[in-house]
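Me: I am new to this structure and would like a close look at a single part of it, followed by whatever helps me place that part among its surroundings. Please take your time and go step by step.

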Amino acid sequence: MTKPSPNAACPCHSGAKYKRCCRPFHQGSAPPRAEALMRSRYAAYALGLVDYVLATTHPEGPNWEDDRAEWAAGVAAFSQSTSFDGLEILSSGEGEGEAFVTFRASLSKEGEDASFSERSRFLREDGRWLYHSGEPR
Ligand SMILES: [Zn+2]
């Protein structure tokens, strides 16, 4: 996917412009809330921003891979082969250092529905929220 212009709708489907939604996070600002991180990771998948996905994954979570090149290739392949059609936040709760966000991602792959729902766990490290793990919902 080509990069959206700053005034285009954000790929996280918030309804806001990209520049007022996930773009600042993709450019380095720390999302203030775990839900914002979750949205920005969805948008990063949609845009193929592989480094952002890797950088916002918790090193102790099950999705972390030591072989960074292989991991990046896997994320890139998923990103390119998937259409990111919608995102709905079903619930979210945030504590001091831990947060949970339950969402439904509407995805399709080669015309086939690949949507899923997940309850994601986030941990805050050095002031930054990181995706730790998720379980299907
Ligand atoms: Zn967004």
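Me: Where is E65 found, and which residues form a negative surface patch with E65?

Reply: E65 is found in the loop between α3 and α4, and since this is a predicted model, what follows describes a prediction. With a relative accessibility of 33%, E65 counts as partly exposed, because that value lies between the 20% under which a residue is buried and the 50% over which a residue is exposed. E65 joins D66, D67 and E70 in forming a negative surface patch.

One of these partners, D66, is found in the loop between α3, which covers residues 50–55, and α4, which covers residues 68–81. D66 has a relative accessibility of 75% and therefore counts as exposed, being over the 50% cut-off. A residue can join such a patch only if its relative accessible area is over 30% and it takes part in no salt bridge, and the 33% of E65 meets the first of these conditions.

To place this loop against a distant stretch of the chain, one can take E65 together with P136: the two are 71 residues apart along the chain, and their C-alpha atoms are separated by 20 Å. Another pair begins in helix α3, where A55 has its place. A55 and Y131 are 76 residues apart in sequence, while the distance from C-alpha to C-alpha is 9.5 Å. A55 itself is exposed, with a relative accessible area of 52%.

Salt bridges come next, and here a general point helps: side chains of opposite charge can pair when their charged atoms come close. In this model the count comes to two salt bridges. In one of them E98 pairs with R121, and the closest N and O atoms are 2.7 Å apart. Because E98 lies in strand β2 (residues 98–109) and R121 in strand β4 (residues 116–125), this pair ties together parts that are 23 residues apart in sequence. E98 is partly exposed at 32% relative accessibility, and R121 is also partly exposed, at 27%.

The other salt bridge joins E135 to R137, with 3.1 Å between the closest N and O atoms. In this pair E135 counts as partly exposed, with a relative accessibility of 40%, whereas R137 is exposed, with a relative accessible area of 56%.

A polar contact of another kind involves H26, which has its place in helix α1 (residues 23–26). The side chain of H26 makes this contact with the side chain of Y18, at 2.9 Å. At 16% relative accessibility H26 counts as buried, because the value is under 20%.

Finally, there are two residues whose backbone deserves a careful look. H13, in the segment before α1, has a positive phi of about 65° although it is not a glycine, and H13 is partly exposed, with a relative accessible area of 36%. D126 likewise has a positive phi, here of about 50°, and is not a glycine either. D126 is placed in the loop between β4 and β5, the latter covering residues 128–136, and D126 is exposed, with a relative accessible area of 82%.

Definitions and conventions:
Residues numbered from 1 in each chain as written. Predicted model: local features only at pLDDT ≥ 70, side-chain atom pairs only at ≥ 80, totals over all residues. Heavy atoms only, no water. Patch = residues over 30% accessible without salt bridge, like charges linked within 9 Å, V, L, I, M, F, W, Y side chains within 5 Å. Areas by Shrake-Rupley, 256 points an atom, 1.4 Å probe, with all protein chains shown as cover. Salt bridge = Lys/Arg side-chain N within 4 Å of Asp/Glu carboxyl O. Lys, Arg positive; Asp, Glu negative; His and termini not counted. Charge placed at Lys NZ, Arg CZ, Asp CG, Glu CD. Helix = DSSP H or I, 4+ residues; strand = E, 2+ residues; numbered from the N terminus. Buried < 20%, exposed > 50% of the residue type's maximum accessible area, 1.4 Å probe, protein only. Polar contact = N/O pair within 3.5 Å; in protein donor to acceptor, adjacent residues only side chain to side chain.
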